[in-house]
Amino acid sequence: MRRNENSIEVFLVPHTHWDREWYLPKPGFSLLLVALVDRLIDILDREPDYRAFMFDGQTIALEDYLELNPDAEARIRRYVEAGRIIIGPWYVLPDEVLISGEAHIRNFLAGRRVCDAYGGGMMIGYLPDSFGHPSQMPQILRGLGLAEMVFWRGLGPEIEKSEFIWRGFDGTTVLGLNMPLGYGVGAALPSDDEGFLKRIEKRAGELAELSRIDAVLLMNGVDHLAPERDLPGRIRRANAAQRRYRIRLSALGEYVESARARLDEADLPVAQGELRSGYRAYLLGGTLSTRIYLKQHNALVESLLERELEPLLSTTAILGVRPYPSGIMNHLWRRALANLPHDSICGCSVDAIHRHMLDRFAEVTTLGSSLRDEFLVTLGARAGGREDDLIVFNPHPHPVDQVVETEVDLLPTVARRVDHEDALLVEYATAPVPRPARVSLLPPDGEAIEAEIVGCVDAESMRLSLDDQPVMYRVARTRIRFPVRRLPPMGYRLYRIEVASAPAEPDPTGERRPATESPMPVAEVGVENEWYRVSPEPSGSVRVLDRRSGREFAGLIALEDAGDSGDEYTWCPPETDRVVRPAPESIAVAHPDDQTLVVRGLMRIPTGLSDDRNRRRATTAECRFTTTVRLPAGARRIDIRIEFENNVSDHRLSVLFPTDFRNCRCRSESTFCVEERAVDAVGAGYEGWMEPPTGVFPQKAFTSLSDGETILTVFNRGLPECELRNEPAGATLSLTLLRCVGYLSRVDLSCRRGNAGWPLPTPEAQCRGRHTFESALAIQAESDMESIPREARLFLTPPIVARLRPPLDPDVLRDASTLPREASLFRLDGPPLFLSAIKPAEAGRGWIIRVVNPFPRNRSGALVWRGEIGGEISRIVECTLAEIDGEELEIPPDGRIRLDLRGGEIRTLRVETTTDPSA
């Protein structure tokens with residue numbers, strides 16, 4: 001690598017960092033954005049030497065601007081095509097840790113669509129402000145065609161200079177170019193020539209000390225700053241006034257290209273795995289659990305888009321049932337991505353923003369659920385189903401044995417409809433809704449199954465049609481459970497449904513339950529199945545016996561509350577803390593059925609912090625909780641539902657899973673991999689760090705603890721923060737349920753140096769009110785570890801159920817061939833491989849099928865295609881994550897596509913079939 005100590009080349013890159021919502025709601029920032037871009041266009045018009053302005057690596061801000069100023073589109077397009085406004089490669093600048101691996105890929109694809117529409121975009125992995133980087137980002141970046149990452153946060157002390165090689169989980173490498181002083185180091189330069197040069201010399205000198213080469217990156221801009229006028233003139237005069245620094249107005253790509261030319265990559269140090277250090281810049285890891293409700297909503301949206309809609313819609317399209325609704329799905333993805341910028345999904349903005357995020361989540365879930373149900377009923381009709389049959393769709397590429405729980409409307413009677421003859425809405429007098437006494441399901445070629453009736457309420461439902469006004473029915477809205485056996489992989493099964501009714505019984509609450517919950521002495525209660533026995537304990541926790549191994553674990557699902565004097569960015573315990581557990585005298589246990597325990601109690605929690613914020617208050621408030629533990633038939637796990645009434649402030653609520661593991665191995669699901677956790681030590685030894693480690697770590701769907709023989713796994717829905725505690729009796733896994741604070745940022749934290757943002761009050765971040773948390777527990781042998789990612793997906797996304805009705809548009813069934821009542825499109829053999837995506841190819845030919853090996857050892861499997869209903873395979877092409885075609889593969893005569901994946905590999909195929917209308 002080359003370095004000239006006497007001359008430093010300074011790449012001055014004009015840009016803005018555009019948080020579209022943060023300390024102001026989006027409408028407030030939108031007005032600033034219009035003013036900023038209008039000024040930018042004026043500068044580009046007037047100053048031909050103003051070479052380029054970088055639009056923060058994202059494209060959604062461009063859409064925001066054009067939404068309010070559409071007349072500027074032609075001028076924007078002209079400057080993008082000329083390379084003077086630089087957009088992309090992303091749609092948004094996300095938090096990398098909290099979002100799914102597929103969301104990273106779709107974020108790029110959505111950004112590329114915008115870039116292509118406006119004349120091109122930047123192809124650099126620019127991720128300036130993410131709160132840490134997962135270990136599979138090098139493979140993701142390379143798969144998207146991005147060979148470098150330019151970033152700020154996360155680099156540890158082992159990398160002393162800005163340039164290094166980052167090697168990811170699977171061994172893929174990218175060139176890492178760290179911005180050690182942030183992306184705003186060259187912002188707001190003085191307008192006078194002397195002050196301008198003095199600032200450049202100061203900042204460039206600081207950066208040169210942290211660089212291996214005679215070139216530095218000076219980012220001219222920061223949050224929400226507009227471009228500076230007369231930059232070319234000031235640069236010319238500064239260069240004429242001295243020889244030490246050769247300043248050039250440039251694009252980020254020019255700096256990257258110059259750095260590559262100066263570097264010998266073989267001599268660069270290597271950073272391995274995650275980049276989640278707070279050594280040189282704030283990591284802000286407390287955002288893993290800030291406003292946990294946002295993370296829960298996002299988990300539901302991920303499941304809906306990635307593991308329900310895309311498999312279902314792709315299957316129905318391949319089977320010829322309905323064309324894939326690409327326009328609607330692209331809209332849903334864009335709305336979901338709009339909630340994933342770091343200041344949004346991290347929960348570290350003002351309250352109004354996060355209220356608006358809930359509206360976006362609701363839009364995606366409402367539209368997406370309606371789309372899912374419409375395609376399900378169409379599929380069921382094409383399979384010969386009659387009205388009121390049930391269809392069960394398996395979105396997983398392996399057979400499923402599971403008890404399915406769903407809500408169905410039974411015993412309908414017309415309540416009101418439009419009389420077109422008299423143009424009246426007619427109200428029908430009806431008798432009280434009868435109660436379903438028995439619900440039986442008949443699968444194809446099988447014996448009738450009697451469903452368990454879990455609960456029933458009187459309700460009204462509305463049936464929509466393009467050919468008539470809505471018709472409203474009075475129904476018995478009934479929740480049922482029933483087992484499915486060998487549900488076809490990536491397929492469906494129809495069930496005939498028969499209902500025996502009983503006379504209606506008045507119920508003033510509107511709810512009828514088949515079983516009552518009677519409080520019982522703790523010692524007399526327990527539930528068991530072939531795998532576990534679960535018994536409550538007087539403290540409100542439970543004891544679990546694994547009947548296969550004979551091992552017993554006590555004190556599981558124990559609630560614990562501690563103080564938090566931090567802010568939306570950082571967890572910080574008060575100087576004198578007070579830890580609270582449930583009050584033993586409040587514990588009551590109920591046993592509503594043979595598989596369920598219900599534990600109720602309360603915690604007397606300090607109402608907040610003292611005035612000096614150094615301790616918790618002496619006054620307390622009662623916070624009631626209900627823990628429901630269920631042994632679902634057919635699944636080797638224990639389902640857990642915790643309901644909690646939060647009536648206090650400034651605290652962190654966790655649920656504990658203690659073990660007797662002394663030499664504990666900890667593995668948690670991360671982005672496209674299962675990460676081995678060497679948990680950071682906390683305490684002394686971190687003097688000088690911007691933010692010392694706290695001991696918490698991120699997870700996706702699960703974390704497993706093992707002593708080499710037995711694994712204890714905790715699955716979760718939208719609870720991304722864990723902590724491993726090495727205690728005298730053994731390792732304890734702590735799962736964060738709530739982190740409640742009242743400020744966006746504070747300057748007085750002992751756990752962080754200075755403010756991380758604006759010190760604004762955020763009372764809704766205290767998360768007052770009722771919350772529900774869902775998780776599950778499994779105890780298995782170490783040899784079962786590789787099956788856990790597949791089991792986690794089944795916990796997150798059970799089979800999808802719908803009761804058949806006429807489609808909204810009956811024309812979709814015209815001239816339709818009939819499918820069998822049960823069918824499978826394909827299966828994926830060879831755990832631990834899992835299906836990450838099935839979707840139509842961006843270019844419109846064939847189907848993208850993405851498979852992941854989440855473990856570090858090489859693994860093999862096969863994708864087995866069922867050509868009798870989905871058409872034969874006509875072409876198979878390896879492609880990148882960006883869907884750029886590579887090698888064409890030989891078509892196997894038996895439809896069995898062999899898959900050999902190295903450790904951690906993400907492999908993407910494009911499969912064309914004989915039934916694909918685009919083929």
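These are my notebook entries on a predicted model, covering backbone oddities, strand pairing, cavities and a few buried elements.

**Entry 1: cis peptide bonds**

I went through the omega angles first. Most peptide bonds are trans. I noted a cis bond between Gly88 and Pro89, with omega at about 15 degrees. Pro89 sits in the loop that runs between strand E3 (85–86) and helix H4 (101–118). I also noted a cis bond from Pro831 to Pro832. Omega there is near 20 degrees. Where is Pro832? I found Pro832 in the loop between strand E40 (826–829) and strand E41 (834–840).

**Entry 2: positive phi**

Next I looked up phi. A negative value is what most residues other than glycine have. Leu284 is not a glycine, yet its phi is positive, about 65 degrees. Leu284 belongs to the loop between strand E10 (270–272) and helix H9 (292–318). Is Leu284 buried or exposed? Its relative accessibility is 0%, so I logged Leu284 as buried.

Cys767 gave me another positive phi, about 55 degrees, again on a residue that is not a glycine. I placed Cys767 in the loop between strand E36 (730–740) and strand E37 (769–781). Cys767 counts as buried because its 3% relative accessibility is under the 20% cut-off.

**Entry 3: around Gln58**

I stayed with single residues and turned to Gln58. Gln58 lies in the loop between strand E2 (53–54) and helix H2 (60–68). Its relative accessible area is 4%, so Gln58 is buried. What does its side chain reach? I found the backbone oxygen of Trp18 at 3.0 Å. The side chain of Gln58 also makes a polar contact of 2.8 Å with the side chain of Asp56.

I then listed what Gln58 touches, leaving out residues up to four places away in sequence. The list holds Trp18, Ile87, Gly88, Trp90, Tyr91, Val92 and Leu93. Gly88 ties this entry to the first one, as Gly88 is joined to Pro89 by a cis bond.

**Entry 4: a four-stranded sheet**

I traced one open sheet of four strands. The order is E20-E21-E22-E23, and the pairing is antiparallel. Which strands are at the edges? They are strand E20 (527–528) and strand E23 (552–556), each pairing on one side only. Strand E22 (residues 542–546) pairs with E23 over three bridges, in the antiparallel sense. I picked out Val544, whose bridge partner in E23 is Phe553.

**Entry 5: strand E36**

I came back to E36, the strand before the Cys767 loop. How many of its residues are buried? I counted 11 of the 11, so E36 is largely enclosed by the rest of the structure. Strand E29 (residues 651–658) pairs with E36 in the antiparallel sense over eight bridges. Across from Thr736 in E36 stands Ser654. Strand E35 (residues 721–727) is also antiparallel to E36, over six bridges. E35 and E36 form a hairpin, with two residues between them. Glu727 has Gly730 in E36 as its bridge partner.

**Entry 6: cavities**

I then searched for enclosed space. Rolling a probe the size of a water molecule over the atoms shows where empty space is left. I got nine cavities of 30 Å³ or more.

The largest cavity holds about 430 Å³. Its lining has 27 residues, with Ser100, Glu302, Arg307, Lys700 and Ala701 nearest the centre. By class I noted 11 nonpolar, eight polar and eight charged residues. Which element supplies the largest share of this lining? H9 does, with six residues. H4, H9, strand E30 (665–670), helix H13 (788–796) and E41 each supply at least two.

The second largest cavity holds about 210 Å³. I counted 19 lining residues, and Leu283, Gly285, Pro692, Pro693 and Thr694 lie nearest its centre. The classes here are seven nonpolar, seven polar and five charged. Leu283 and Gly285 flank Leu284 in sequence.

**Entry 7: helix H13**

Last, I checked H13, one of the elements lining the largest cavity. Eight of its nine residues are buried, so H13 is largely enclosed by the rest of the structure. The buried ones are Ile788, Pro789, Arg790, Ala792, Arg793, Leu794, Phe795 and Leu796.

Definitions and conventions: Residues are numbered from 1 along each chain as its sequence is written. This is a predicted model: local features need pLDDT of at least 70, side-chain atom pairs count only at pLDDT 80 or more; totals for chains, interfaces and linings use all residues. Side-chain values use heavy atoms; hydrogens and water are left out. Buried means under 20% relative accessible area, exposed over 50%, partly exposed in between (1.4 Å probe, protein chains only). Two strands pair if DSSP finds at least two bridges between them. On a 1 Å grid over the protein atoms alone, a cavity is a set of points where a 1.4 Å probe fits but cannot get out, and a pocket is an open set with protein on both sides within 12 Å along at least five of seven lines; lining residues have an atom within 4 Å of a point. Grid points are joined across faces, edges and corners, and a volume is the space filled by probe spheres set on the points. Ala, Val, Leu, Ile, Met, Phe, Trp, Tyr, Cys and Pro count as nonpolar, Asp, Glu, Lys and Arg as charged, and the others, Gly among them, as polar. A polar contact is a pair of N or O atoms within 3.5 Å; within protein, one must be able to donate a hydrogen and the other to accept it, and residues adjacent in sequence count only if both atoms are side-chain atoms. Contact means heavy atoms within 4.5 Å.
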